[in-house]
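The following paragraphs explain selected side-chain contacts and one helix of the structure shown here. Please keep the sequence and the model in view while reading.

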Amino acid sequence: MPEPGAGTWGRLLERLEALRALGSSGFKGGRAEGRAGRARKSAAPPVRVAVVTDSAAALPQAWLDQAPDWFRHVPMPVMVGEEIYSSADLAEGEERVAERLSLALAMGETVRTSRPSPATLAAAYRELEAAGYSAILSVHLSAELSGTVDAARIAAAECGIPVQVLDSRTAAMCQGFAVQTACGLAGQGAPLELVAAGAEASLAGSAVHFYVPSLEQLRRGGRIGNAASWLGTVLAIKPILGIAGGKVVPVERVRSAARARARLEDLAGAAATSIPEESLGLAVHHFGSHQAASELAGRLAEAFPAAPPVVISTLPPVLAAHVGLGVLAIVSAQLPPRELSA
């Protein structure tokens with residue numbers, strides 16, 4: 001992956017400006033302008049690259065509601081007890097599933113997740129191909145945590161246009177910020193190579209830290225990784241975890257929930273200081289702890305006043321099923337300069 005920083009974004013901007021200089025015939029954001037005057041005013045090429053991701057990106061519903069035409073969001077199935085909520089069920093709205101999941105977690109019911117099927121992903125790719133896009137960037141949850149990347153590669157082989165599958169090696173808004181960056185570049189007519197490079201640059205500068213009241217759900221789902229050594233003292237600690245190398249990793253053990261939340265804020269804040277404040281993307285995730293998330297987001301906004309607004313997002317069921325009720329997570333990522341995200 002490219003190193004984060006002004007150099008990476010600068011090179012992307014230079015390449016994009018070169019494309020603009022080549023000119024096109026009156027397109028802006030992928031839609032024909034219709035008037036000669038507008039065509040002369042903007043030489044932006046048409047959108048050629050579409051972007052696909054899965055629900056592990058934890059993109060806010062407000063963003064999804066206004067997502068561009070060249071974006072597709074593929075939900076990941078969740079099984080609660082004997083009930084299976086398919087991609088189609090989740091596409092109709094995750095709120096009902098989240099309510100059912102909250103109750104199941106509180107009652108200790110069995111909860112499992114699954115990758116989207118290759119057929120589901122192939123259908124999304126074919127839809128975009130039929131819409132006239134010439135290539136697709138498909139950004140997915142870490143292959144160390146899910147088989148989604150493998151499913152995407154199987155589906156890509158059946159598509160009539162190039163599909164580049166990108167393993168994010170992470171989850172939540174680390175993945176989500178990369179997807180938003182890719183959509184921004186695609187909307188300016190960038191080719192697949194540049195759209196993918198922008199997503200990778202965002203991923204290279206990202207970090208996630210999260211606090212869970214218990215390791216039990218991670219243990220049940222087999223996602224606990226090296227934090228398994230903490231299981232013997234699970235009742236005595238409040239774990240802070242992260243994702244590194246695509247896997248869930250232990251960061252610190254703290255003795256109380258209050259101290260764990262404070263330490264989470266310290267660790268995430270330290271990670272965020274490596275990114276220029278004006279291009280710092282921050283997100284706070286939660287499941288069943290909205291008030292704590294809102295307060296945390298407020299403190300982050302005060303600590304980084306020049307940064308864009310902090311995103312507050314409920315974890316999607318596919319992630320909440322593994323971390324449980326009461327989780328709090330903080331994501332930091334480097335956003336592209338305005339010239340690249342316009």
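One aromatic pair is found in a search of the whole structure; rings of Phe, Tyr and Trp (its six-membered ring) pair if their centres lie within 6.5 Å, with planes under 30 degrees apart counted as stacked, over 60 as edge-to-face and the rest as tilted. The ring centres of W63 and F71 are 5.1 Å apart and the planes stand at 80 degrees, so this pair is edge-to-face. W63 is partly exposed at 22% relative accessibility, whereas F71 is buried at 6% (buried is under 20% relative accessible area, exposed over 50%, partly exposed in between; 1.4 Å probe, protein chains only).

The model is predicted: local features need pLDDT of at least 70, side-chain atom pairs count only at pLDDT 80 or more, and totals for chains, interfaces and linings use all residues. Residues are numbered from 1 along each chain as its sequence is written, and side-chain values use heavy atoms, with hydrogens and water left out.

The same search finds six salt bridges, each a side-chain nitrogen of Lys or Arg within 4 Å of a carboxyl oxygen of Asp or Glu. One of them joins R15 and E193 (3.3 Å, N to O). This pair links helix 1 to helix 9 across 178 residues; helices (H or I, at least four residues) and strands (E, at least two) are DSSP runs, numbered from the N terminus.

E252 and R263 also form a salt bridge, at 2.8 Å from N to O. E252 lies in strand 12 and R263 in helix 11, so parts eleven residues apart in sequence are tied together. A network of salt bridges links E252, R263 and D266.
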